[in-house]
Every structure is written in C-alpha cells, then in structure tokens.
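Trainee: Please pick one part of this model and go through it closely. I would like to know what surrounds it, and then how other places in the chain look by comparison.

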Amino acid sequence: MDNLIDIGINLMHPSFKKDKENVIKEGKNVGVKQYIITGTTLNSSKIAKDYAEKFPNLLYSTAGVHPHNAKNCDENTINELEKLSKFDCVVAIGECGLDYNRNFSPPKDQRIWFEKQVKLAQKLDMPLFLHEREAHEDLFKILEKYPEMAQKSVVHCFTGTAEEAQNYLDLGCYIGITGWVCDMKRGKSLQDAVKVIPPEKMMIETDAPFLIPKNLKEKPKKNRNEPKYLPQVLKTISELKDTNIEELADDVTKTTKSFFKI
C-alpha cells in the first residue's frame, strides 16, 4: 500500500504554515505518494498552483470558487480560473458546488456561479471537483443538464446517504471519501453509502487539516488531520466493504490517476 493519492488537502491552510514539507514527507512514509491541493477562491487557487508547481509529479492543485464565496464572483473570476487551468499542475475545476447548510452566499448566487464553473470545465475538457452539503437535489438538477460533465465530476468529501450516493453514481459521478467515514456516530449514513460505491467510482482524501479520523488508535496531541492518516480512511472503508485493503488501494489509485490524468 505505497501508492495512495490524497485528492483533497488544504495544504495552504494556516495550520500547515510552518511544516508543509514535513507533512508531505510523513505522508509519503506511509504510502501517500501524490497530493491534490484544494483551491477554494481565486486567490487560494493561485497560491495552491504556485506551490504545487514547485513539486512536479508530487503535488497538483484545483482551481475554483467554493459556494461559500460565490457572492464575490464576477465574470473576471471565470477568466482568471481559465488562465490558471493552463498550468500543468492544475488538474480540475473546483472546489465548486452548492452549500445550503450555512448559506454564506445566497443560494441563487451559488447556483449561478456553480453552473458557470461547470460550463468552464466543459469548455476546457477538465474534471470537476465538487462540494455539496444539504443541496443534493439542486446540485443533481444542474449536473443532470450536463451529462458529459457529470461523468467527469467527483463529489468531494461526500457525507450523504446511500440513496444520494446512488443518485450521483447513476449520473456517472465519482465520489470522494474522507475521515468522516471513521466517525462511528456522525458517519453512520456514509458508512452505509460506501457499501454501494464501487472502487472504480471511489477516491479517498483527508480534507486536511479537517476531519481527522475519529477511530485512530492513538489520538494525536493536536487535532490536526494530515495525509499520514489517509491509510486509516482506506482501512475503515475496506472493513465496511469487507474487501482486501491492498486490492482496494490499487483500485482507488487507478481510478484517481485515470480521472485526474496524473
């Protein structure tokens, strides 16, 4: 199990300011060999790109605007995202989508700028890195209008139900699983959902520094999630699916490499 890929890490988060390279080194020591840094605003996407460029074939990034920040978008945002997409290390448009849990941006704005990013990804023939929280129905409706792009989308940090997972799978989407699946209280729905997600449609991620696996045997002193805990996510999934962990590792890595073309 020495070929894992963390498809979602917030490496530019302030909590990693002093030890980014050591965090990656410790991840590599447990078999996490490649990382995709999440862009959530135009500025953070630029910063992620700049950092990823320094470590070719190890670090990659996404370029997009999270639904929380949709209210700050204008047409220049899309133009700038398109410019970022030209760099080899940028492998997807996103993190984009809908989040009705907090509504930091009005739902209408979220829908408008999500759809514009879908169209951008379609124009560029790039994958979509999606965020959805308590907005399954609306996000599904928008993706349904772009069947080709649905098949090039990964629902990152999925926390929904088995039924919602199946809906996304029926559209052709891929699904990203985080340490949420390791939470025996809050993660029950996700634990049921992973059983219906085939390995050829599954990817794994930490969403570090968030969502540290709750079922780690040894709890770290600081509650910061890191790539070195990604194998725990894989282990938990393999137990839930009653499948061989090495085979699952190979399958999800193959899926990830094909999806992001890395």
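Mentor: What follows is a close look at the largest pocket, then at two single residues and one pair of helices.

The model is predicted. Its largest pocket has a volume of about 830 Å³. There are 30 residues in the lining, and those closest to the centre of the pocket are Asn10, His66, Glu95, Asp207 and Phe210. Three elements give two or more residues to this lining: helix 2 (42-52), strand 4 (90-99) and strand 5 (128-133). Helix 2 provides the largest share, with four residues. Sorted by class, the lining holds twelve polar, eleven nonpolar and seven charged residues.

Asp207 leads on to another residue. Among the residues that aspartate 6 touches is Asp207, which is itself one of the residues closest to the centre of the largest pocket. Aspartate 6 is part of strand 1, which covers residues 4-9. Its relative accessible area is 0%, and since buried means under 20%, aspartate 6 counts as buried. Leaving out residues up to four places away in sequence, its contacts also include Val32, Gln34, Tyr35 and Ile36, as well as Ile204, Glu205 and Thr206. Pro227 and Leu230 are touched by aspartate 6 too. Valine 23 is 17 residues from aspartate 6 in sequence, and their C-alpha atoms are 12 Å apart.

Lysine 214 gives a second view. It is found in the loop between strand 8 (202-204) and helix 9 (230-241). Aspartate 6 is buried, whereas lysine 214, at 43% relative accessibility, is partly exposed. Apart from neighbours within four places in sequence, lysine 214 is in contact with Cys182, Asp183, Arg186 and Lys219. Tryptophan 180 is 34 residues from lysine 214 along the chain, with 8.1 Å between their C-alpha atoms.

The last item is a helix pair. Helix 5 (residues 136-144) packs with helix 7 (residues 162-171) at an angle of about 5°, and the axes are 11 Å apart. Angles under 35 degrees count as roughly parallel, so helix 5 and helix 7 are roughly parallel to each other. On the helix 5 side the contact is made by His136, Leu139, Phe140, Leu143 and Glu144; on the helix 7 side, by Glu164, Asn167, Tyr168 and Leu171. By class, this contact has five nonpolar, two polar and two charged residues.

How values were computed. Residues numbered from 1 in each chain as written. Predicted model: local features only at pLDDT ≥ 70, side-chain atom pairs only at ≥ 80, totals over all residues. Heavy atoms only, no water. 1 Å grid on protein atoms, 1.4 Å probe; cavity = no way out; pocket = protein on both sides within 12 Å on 5 of 7 lines; lining within 4 Å. Points joined across faces, edges and corners; volume = space filled by probe spheres on them. Nonpolar A, V, L, I, M, F, W, Y, C, P; charged D, E, K, R; others polar. Axes fitted to C-alpha atoms, helices over the stretch in contact; angles between N-to-C directions. Parallel < 35°, antiparallel > 145°, perpendicular 65-115°, else oblique. Contact = heavy atoms within 4.5 Å. Buried < 20%, exposed > 50% of the residue type's maximum accessible area, 1.4 Å probe, protein only.
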